[in-house]
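Visitor: I should like to understand how the descriptive terms applied to a model are justified. Would you take me through them?

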Amino acid sequence: MLNISGLKEGIVLDHIEAGKSLEIYYHLGLDKLDCQVAIIKNAKSNKMGKKDIIKIEGGLNHIDLDILGYIDHNITVNIIRDNQIAEKKSLSLPQKITNVIPCKNPRCITSIEQGLPHIFYLADEGKETYRCMYCEEKYTK
């Protein structure tokens, strides 16, 4: 059995779809942080069969919940204080995401103006569809 020590203070991202932990790791910029990060891949789960888990030492200020909600809004965010779960946060699809996905439309202003942020808004929550703020290009996960 693999043993990963507990966290005194930090965040545990639980119920990550198996295989998505590295995508989350890079999207959240965890590779640029100077703190301990543990990635557990393919952990056994009664609810999901297999899941990934990410443990991050430190506060919630390391995580953009909008990016996390966009990638997988079924993830549970557990905030750890004094070695115990102090708070659980549920995620939802964010209404707006900035610089998470690029617009694929070659005629979009973001393709020409390099410094412009790529902003998408949630157009259809049921279908998880986002649209580019500038050109209305549709993006479905």
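Guide: The following exchange sets values from this structure against the definitions behind them.

Guide: This is a predicted model, in which local features need pLDDT of at least 70 and side-chain atom pairs count only at pLDDT 80 or more, while totals for chains, interfaces and linings use all residues. Residues are numbered from 1 along each chain as its sequence is written, and side-chain values use heavy atoms, with hydrogens and water left out.

Visitor: How many helices and strands are there in the protein, and in what pattern do they follow along the sequence?

Guide: The protein has three helices and nine strands, and along the sequence they follow the pattern β-α-β-β-α-β-β-β-α-β-β-β. Helices (H or I, at least four residues) and strands (E, at least two) are DSSP runs, numbered from the N terminus. The C-alpha atoms fill a box of roughly 50 × 30 × 25 Å, taken along the principal axes.

Visitor: What makes β7 and β8 a pair?

Guide: Two strands pair if DSSP finds at least two bridges between them. Strand β7 (residues 119-124) and strand β8 (residues 129-132) have four bridges, in the antiparallel sense, and therefore they count as paired. In β8, Tyr-130 is the bridge partner of Leu-122. In general, strands of a sheet pair through backbone hydrogen bonds, either parallel or antiparallel.

Visitor: In what order do the strands of the open sheet lie, and which are the edge strands?

Guide: The order is β6-β7-β8-β9, with antiparallel pairing. The edge strands are β6 (96-98) and β9 (138-140), each of which pairs on one side only. Neighbouring strands of this sheet are turned by 35° against each other on average, direction ignored; the axes are lines fitted to C-alpha atoms, and angles run from 0 to 180 degrees between N-to-C directions.

Visitor: Why is Ile-109 called partly exposed?

Guide: Buried means under 20% relative accessible area, exposed means over 50%, and partly exposed lies in between (1.4 Å probe, protein chains only). Ile-109 has 36% relative accessibility, so it counts as partly exposed. Ile-109 lies in helix α3 (residues 109-112).

Visitor: What is Ile-109 in contact with, leaving aside its neighbours within four places in sequence?

Guide: Ile-109 is in contact with Leu-116 and Tyr-134 on that basis, where contact means heavy atoms within 4.5 Å. Ile-109 and Tyr-134 are 25 residues apart in sequence, and their C-alpha atoms are 7.0 Å apart in space.

Visitor: Which residues make the nonpolar surface patch?

Guide: Ile-109, Ile-112, Met-133 and Tyr-134 make this patch of about 360 Å². Patch residues have over 30% relative accessible area and no salt bridge, and nonpolar side chains (Val, Leu, Ile, Met, Phe, Trp, Tyr) are joined within 5 Å. A salt bridge is a side-chain nitrogen of Lys or Arg within 4 Å of a carboxyl oxygen of Asp or Glu. At 36%, Ile-109 is therefore over the accessibility cut-off.

Visitor: What is the phi of Asn-42, and what is that of Glu-128?

Guide: Phi of Asn-42 is near 60°, and that of Glu-128 is about 55°. Both values are positive, although neither residue is a glycine. Asn-42 is found in strand β2 (residues 37-45), whereas Glu-128 is in the loop between β7 and β8.

Visitor: Why do Asn-42 and Glu-128 count as partly exposed?

Guide: Asn-42 counts as partly exposed because its relative accessibility is 41%, and Glu-128 because its value is 24%.

Methods: Patches are made of residues with over 30% relative accessible area and no salt bridge: like charges are joined within 9 Å, nonpolar side chains (Val, Leu, Ile, Met, Phe, Trp, Tyr) within 5 Å. Accessible areas come from the Shrake-Rupley method with a 1.4 Å probe; for residues, only the protein chains shown count as cover.
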